[in-house]
Amino acid sequence: MKRLNLAKTLALTLIFSIIFMSCENDDNNTSNETMTSTYLYTSNNANGNITYYNVGDMSNVMMTTLVTSSTAADGVFYDADDDMLVQASRSNMMLEGFMDTSMSSTGASISIGISGSSDMMSPRELAVNGDYYVVADNADVDGDPDTPDGKLYVYMKDGNDFTLRNVITTDIKLWGITFDGESLYAIVDTTNELAVYSNFLANTGDMMLSATKTIAVEGIVRTHGLTYDAMSDTMVLTDIAAAANGQDDGGFHIITDFMSKFNNTADGGTLAMSDQIRVAGSSTMLGNPVDVAFDSETETVYIAEAGNNGGRILAFNNIGSGGNIAPVLNYDLASASSVYLVKY
Ligand SMILES: [Ca+2]
Ligand SMILES: [Ca+2]
Ligand SMILES: [Ca+2]
């Protein structure tokens, strides 16, 4: 009798587990019945095409290249709900949106479905918040390259257009930007500094804007790319060190429990190396890592490396202790400029 009850209990537990797991799967799947996977989208400055990698199974990565009319591009982004791929074209100087790209197979040419006005001088990273698309432009603003400045172009997606809402002029040099809620984080190019603009989108006019807070990040020579994962409260910053060395002087820093560490560092202060993990060295193939993405589920860092061997897409895991670790994925991509990770 006891044995029967135990068997019953086990059977019921099993049934409930199956129901529970099915519910979980249903929650993860949106419009179709297929399992979700992880995709890394990339842009480059060699031919302006978009290459994406299905990295859901790292031992069997599938690569797709879509041909665009741009010859150089940065700031790639993918919206899985709308099946819309966006990049900041550095040959056409505008945002370009491509629709239904998941239907295109590798080698196919894709045409622009949503276009922006040609406003920019030197577009770099793109940060998206709802219908707002913000592009960092690193062209010199005032005719004096020695004075730091840059522009943040704020576009609104509106039907088939990216409409320019306003332009923010900064007193720092720009490259990588990323949103966390209403805060826009920006690296301060040519330095080891990280800036934040609180409530950024509330600045609706064409105006000069100084950062709300800026901190130095100890151990970095010259940062370039950044990403923040809110779920795991992790910030990752790249270090290109000397731009002239594209082969082996780069690295990246992982900052766990980022918000408390950032908030506990005074404006103008320094976040200590002891609060960070650094990955760098000859095995890493990091020379000029210009952009970064992070998968907190698998603790994998993805890098757009612009220098080493002419350009690479790299992935690193087992990053917890940092150091001179070799990438787990390494794909040639000439003049790689940006990466964007999405699960769907
Ligand atoms: Ca200037
Ligand atoms: Ca370098
Ligand atoms: Ca990016």
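This report walks through two calcium sites, one open sheet and one exposed aspartate in a predicted model.

## Calcium ion (ligand 1)

Let's start with ligand 1. Asp-140, Asp-142 and Asp-149 reach this calcium ion through OD atoms, while Asp-144 offers its O atom. Thr-147 shows up twice in the donor list, once with O and once with OG1, and Asp-149 also appears twice, each time with an OD atom. The coordination distances run from 2.2 to 3.0 Å. If you'd like to find these donors in the sequence, look for the spacing D-x1-D-x1-D-x2-T-x1-D.

Two of these donor residues are worth a look for their accessibility. Asp-149 has a relative accessible area of 8%, so it counts as buried, because the cut-off for buried is under 20%. Thr-147 comes in at 28%, which means it is partly exposed.

## Calcium ion (ligand 2)

Now for ligand 2. Ile-240, Ala-242, Asn-245 and Gly-287 each give an O atom to this calcium ion, Asp-249 gives an OD atom and Asn-288 gives OD1. Here the distances are 2.2 to 2.5 Å. Along the chain, the donors follow the pattern I-x1-A-x2-N-x3-D-x37-G-N, with the x37 stretch sitting between the D and the G.

Why is the arrangement around this calcium ion irregular? The 6 donor atoms subtend angles of 73 to 177°, and that spread makes the arrangement irregular. As for Asn-245, its relative accessible area is 24%, so this donor residue is partly exposed.

## An open antiparallel sheet

Next up is a sheet of 4 strands, lined up as E17-E18-E19-E21. The sheet is open and its pairing is antiparallel. At the edges you'll find strand E17 (223-229) and strand E21 (277-280), each of which pairs on one side only. On average, neighbouring strands here are turned by 15° against each other, ignoring direction.

Zooming in on one pairing, strand E19 (residues 251-255) and E21 run antiparallel and are joined by 4 bridges. One contact to pick out on screen is Gly-251, whose bridge partner in E21 is Ala-280.

## Asp-158 in strand E10

Last stop: Asp-158, which sits in strand E10 (residues 150-158). Is Asp-158 buried or exposed? Its relative accessibility is 51%, so Asp-158 counts as exposed, because the exposed class takes in values over 50%.

Asp-158 can also be placed relative to Asp-131. The two residues are 27 residues apart in sequence, and their C-alpha atoms are 7.8 Å apart in space.

Methods:
Residues are numbered from 1 along each chain as its sequence is written. Chains are lettered from A and ligands numbered from 1 in the order in which they are written. This is a predicted model: local features need pLDDT of at least 70, side-chain atom pairs count only at pLDDT 80 or more; totals for chains, interfaces and linings use all residues. Side-chain values use heavy atoms; hydrogens and water are left out. Donors are N, O and S atoms within 2.8 Å of the metal (3.2 Å for Na, K and Ca); water is not among the atoms, so sites may look incomplete. Buried means under 20% relative accessible area, exposed over 50%, partly exposed in between (1.4 Å probe, protein chains only). Two strands pair if DSSP finds at least two bridges between them. Helices (H or I, at least four residues) and strands (E, at least two) are DSSP runs, numbered from the N terminus. Axes are lines fitted to C-alpha atoms, for helices over the stretch in contact, and angles run from 0 to 180 degrees between N-to-C directions. Four donors count as tetrahedral if all angles lie between 85 and 135 degrees; four count as square planar and six as octahedral if opposite donors are over 155 degrees apart and all others between 65 and 115; anything else is irregular.
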